[in-house]
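Student: Please choose a single part of this model and examine it closely, following it outward into whatever surrounds it. I would like one connected account, with the cut-offs behind your terms stated as you go.

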Amino acid sequence: MSQATMTQSMRLPGSGEIYAFSVYFSVSHICEKARWALYYLYIPYELVSLAPGLHSVWASRCGLTSTTLPTLEIDGIYTQGAGDIIDWVEQRTSTLRRLTPENDASEVRALEQRFGESIGFHTRRMFYSEALLEYPATVKPRFLAGLSILSRLFTQLMWPVIRKGMIRGMELGPKQG
Ligand SMILES: N[C@@H](CCC(=O)N[C@@H](CS)C(=O)NCC(=O)O)C(=O)O
């Protein structure tokens with residue numbers, strides 16, 4: 001699959017010398033969390049934006065059973081989900097910076113889980129309820145950002161289907177907006 005790539009070179013002192021290949025949706029704050037973590041931990045990475053829908057094709061081609069993004073690939077090992085990506089990278093780098101404090105790691109993970117799966121989940125539903133139901137034309141450019149020409153074309157053509165699928169999948173509606 002041809003992809004638009006945005007390469008960030010950040011081989012800074014203390015870098016763990018891990019080169020990450022991160023696949024994400026540019027519209028997603030969860031994907032942005034993983035990208036930001038790589039940046040903060042000085043991990044050089046390459047971002048590949050996927051169109052919603054095509055991401056499932058990509059995942060199955062990679063032999064992944066889950067289609068969740070962000071997905072990180074390092075040396076053929078795939079890690080999915082922002083929290084798992086941060087844990088995976090932190091266990092393998094020698095950077096001086098840390099996102100998870102050693103002493104309070106379990107408390108931090110519990111907080112992260114609460115913010116991600118409870119508060120963040122419903123905040124996302126609230127955001128998309130307004131964005132996709134009331135302002136679809138305004139939010140569409142965020143879905144197109146960073147995509148290859150073919151993926152942009154796919155997203156433009158399939159936009160009504162993508163929009164409906166997201167509304168159905170996240171159970172969006174005026175009550176959440
Ligand atoms: N618990 C995961 C959730 C990730 C997530 O919700 N990813 C969404 C995009 S923001 C996704 O990949 N949706 C499409 C799919 O699951 O196929 C995390 O924190 O990273």
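**A buried serine and its surroundings**

Tutor: Ser-49 counts as buried because it has 25 C-beta neighbours inside 10 Å (the class needs 20 or more other C-beta atoms within 10 Å, exposed means 12 or fewer, partly exposed lies in between, and C-beta atoms are placed from the backbone). The model is a predicted one, in which local features need pLDDT of at least 70 and side-chain atom pairs count only at pLDDT 80 or more, whereas totals for chains, interfaces and linings use all residues. Residue numbers start from 1 along each chain as its sequence is written.

Ser-49 belongs to strand E3, one of 5 strands that accompany 6 helices in the chain (DSSP runs numbered from the N terminus, with H or I over at least four residues for a helix and E over at least two for a strand). Buried residues amount to 21% of the chain's 177 residues, and in sequence order the elements follow the pattern β-β-α-β-α-β-β-α-α-α-α.

Strand E3, residues 45-49, runs parallel to strand E2 and is joined to E2 by 5 bridges (strands pair if DSSP finds at least two bridges between them). On the way from E2 to E3 the chain passes through H1, and this β-α-β crossover is right-handed, in the sense that the path from the first strand over the helix to the second runs clockwise when the strands point away from the viewer. Strand E2, residues 20-24, is mostly covered, with 4 of its 5 residues buried. E2 also pairs with strand E4, residues 71-74, in the antiparallel sense over 3 bridges. Ser-22 shows both pairings, since its bridge partner in E3 is Leu-47 and its bridge partner in E4 is Leu-72.

The loops that lead into E3 and away from E4 each hold a backbone feature worth inspecting. Tyr-42, in the loop between H1 and E3, has a positive phi of about 60° although it is not a glycine, and Tyr-42 is buried because 20 other C-beta atoms lie within 10 Å. Asp-75, in the loop between E4 and strand E5 (77-80), likewise is not a glycine and has a positive phi of about 50°, but Asp-75 counts as exposed because it has 8 C-beta neighbours inside 10 Å. Most residues other than glycine have a negative phi, and most peptide bonds are trans. A cis peptide bond, with omega about 5°, joins Leu-69 and Pro-70, and Pro-70 lies in the loop between helix H2 (54-61) and E4.

Leu-69 also appears among the residues around the ligand, which include Phe-25, Ile-30, Cys-31 and Gly-116 (a residue is near a molecule if its C-beta atom, placed from the backbone, lies within 6 Å of it). Helices H1 (29-40) and H3 (82-92) are the elements that give two or more residues to this shell.

Returning to Ser-49, its C-alpha lies 9.0 Å from that of Ser-151, although the two residues are 102 apart in sequence. Helix H6 spans residues 149-169, and its end C-alpha atoms are only 26 Å apart, short of the 30 Å that a straight helix of its 21 residues would reach (1.5 Å times one less than the number of residues). H6 has a kink of about 70° at Met-158, shortly before Pro-160, where the bend is the angle between axes fitted to the seven residues ending there and the seven starting there.
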